[in-house]
Amino acid sequence: MEDHTDADCIFVSALTHGTNAHQNLYANDRSYNSDILWNGFTSDKCPTLTGKPKIIVIQACRGQTRDFGTELGDPFVKVDAPNQKDLEIKFKIPTHADFVISYSTIPDFVSSRDTFHGTYFIQTFVEVLEKEAKEKDLLSILTRVNQKVALDYVIGEEKATQMPCVTSMLTRCLHFDQESQRRKKGYKLRLLSIFQNQS
């Protein structure tokens with residue numbers, strides 16, 4: 001494997017045809033698993049990229065389904081038209097927009113737990129959310145959770161590790177805001193007292 005000691009990160013881009021099958025990418029009239037794009041850069045195979053961001057961008061279909069969106073009206077935007085009622089501005093948003101999915105581990109790997117304290121992933125998620133929800137956006141929080149689970153836990157006699165995984169379809173930053181920050185753009189949610197100390 002090439003020496004990447006002087007690199008700050010690696011960026012891999014693939015623009016091709018694809019499907020939702022196991023061999024999901026196509027090139028040179030053959031199918032490939034998209035794992036081929038990053039498997040060679042894992043820390044065990046490419047030590048000089050250990051601890052450095054590895055950015056993978058794939059432009060390819062992942063199935064046959066088309067997303068025709070959902071039409072919405074914006075109640076805050078109106079157009080005054082002479083001799084007519086206010087016209088509401090309409091726009092479309094993809095049906096799968098604004099999801100963020102955080103997995104406790106990557107596909108095909110186990111997710112570990114402490115038999116007394118519970119799962120490392122959920123413990124860490126709650127801990128980071130309690131500490132950082134007022135200052136950070138959700139993806140920053142989930143990245144911190146990924147970091148802590150990956151680096152803070154060595155599991156069992158085998159000294160296994162665990163890597164959480166985030167898939168984001170958010171179209172804006174998601175903040176759990178204090179009242180004073182509600183004027184900023186992005187999602188606005190109030191963090192409720194869901195993590196009260198139990199006595």
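Ile-55 lies in strand 5 (residues 54-59). Helices (H or I, at least four residues) and strands (E, at least two) are DSSP runs, numbered from the N terminus. At 36% relative accessibility, Ile-55 is partly exposed. Here buried means under 20% relative accessible area, exposed means over 50%, and partly exposed lies in between (1.4 Å probe, protein chains only). Ile-55 joins Phe-11 and Val-57 in a nonpolar surface patch with about 260 Å² of accessible area together. Patches are made of residues with over 30% relative accessible area and no salt bridge; like charges are joined within 9 Å, and nonpolar side chains (Val, Leu, Ile, Met, Phe, Trp, Tyr) within 5 Å. Accessible areas come from the Shrake-Rupley method with a 1.4 Å probe, and for residues only the protein chains shown count as cover.

The model is predicted: local features need pLDDT of at least 70, side-chain atom pairs count only at pLDDT 80 or more, and totals for chains, interfaces and linings use all residues. Residues are numbered from 1 along each chain as its sequence is written, and side-chain values use heavy atoms, with hydrogens and water left out.

**Nonpolar cores**

In soluble globular proteins, nonpolar side chains tend to be buried together. A nonpolar core is a set of buried Ala, Val, Leu, Ile, Met, Phe, Trp, Tyr and Cys residues joined through side-chain atoms within 4.5 Å. The largest one has 12 residues, among them Phe-121, Val-128, Leu-142, Val-145 and Phe-176. Helix 1, helix 2 and strand 12 (174-177) each supply at least two residues of this core. Helix 2 gives the largest share, 5 residues. A second, separate core has 9 residues, including Val-12, Ala-14, Leu-37 and Cys-46.

Phe-121 sits in helix 1. Phe-121 is buried, at 8% relative accessibility. Its C-alpha lies 8.9 Å from that of Lys-148, although the two residues are 27 apart in sequence.

**Helix 2**

Which residues of helix 2 are buried? They are Leu-138, Ile-141, Leu-142, Val-145, Asn-146, Lys-148 and Val-149. The 15 residues of helix 2 should span 21 Å at 1.5 Å a residue, and the end C-alpha atoms are 20 Å apart, which agrees. The expected span is 1.5 Å times one less than the number of residues. At the start of the helix, a side-chain oxygen of Asp-137 comes within 3.2 Å of the backbone nitrogen of Leu-139. A polar contact is a pair of N or O atoms within 3.5 Å; within protein, one must be able to donate a hydrogen and the other to accept it, and residues adjacent in sequence count only if both atoms are side-chain atoms.

**Salt bridges**

Side chains of opposite charge can pair when their charged atoms come close. A salt bridge is a side-chain nitrogen of Lys or Arg within 4 Å of a carboxyl oxygen of Asp or Glu. The whole structure has 5 salt bridges. The table includes three of them.

| Acidic residue | Basic residue | N to O distance |
|---|---|---|
| Glu-127 | Lys-148 | 3.4 Å |
| Glu-132 | Arg-144 | 3.6 Å |
| Asp-152 | Lys-148 | 3.0 Å |

Glu-127 pairs with Lys-148. Glu-127 lies in helix 1 (residues 120-132) and Lys-148 in helix 2 (residues 138-152), so this pair ties together parts 21 residues apart in sequence. Glu-127 is partly exposed at 27%, whereas Lys-148 is buried at 14% relative accessibility.

Glu-132 and Arg-144 also form a salt bridge. Glu-132 belongs to helix 1 and Arg-144 to helix 2, so the pair ties together parts 12 residues apart in sequence. Glu-132 is buried at 15% relative accessibility; Arg-144 is partly exposed at 31%.

Asp-152 and Lys-148 are both in helix 2, 4 residues apart, about one turn of the helix. Asp-152 is partly exposed, with a relative accessible area of 48%. A network of salt bridges links Glu-127, Lys-131, Lys-148 and Asp-152.

**Loops**

Thr-105 lies in the loop between strand 8 (100-103) and strand 9 (113-114). Thr-105 is buried, at 13% relative accessible area. A polar atom of its side chain is 3.2 Å from the backbone oxygen of Val-110.

Asn-28 is not a glycine, yet has a positive phi of about 55°. Asn-28 lies in the loop between strand 3 (25-27) and strand 4 (30-32), and is exposed at 71% relative accessibility. Asp-98 has a positive phi near 70°. Asp-98 lies between strand 7 (87-93) and strand 8, and is partly exposed at 26%.
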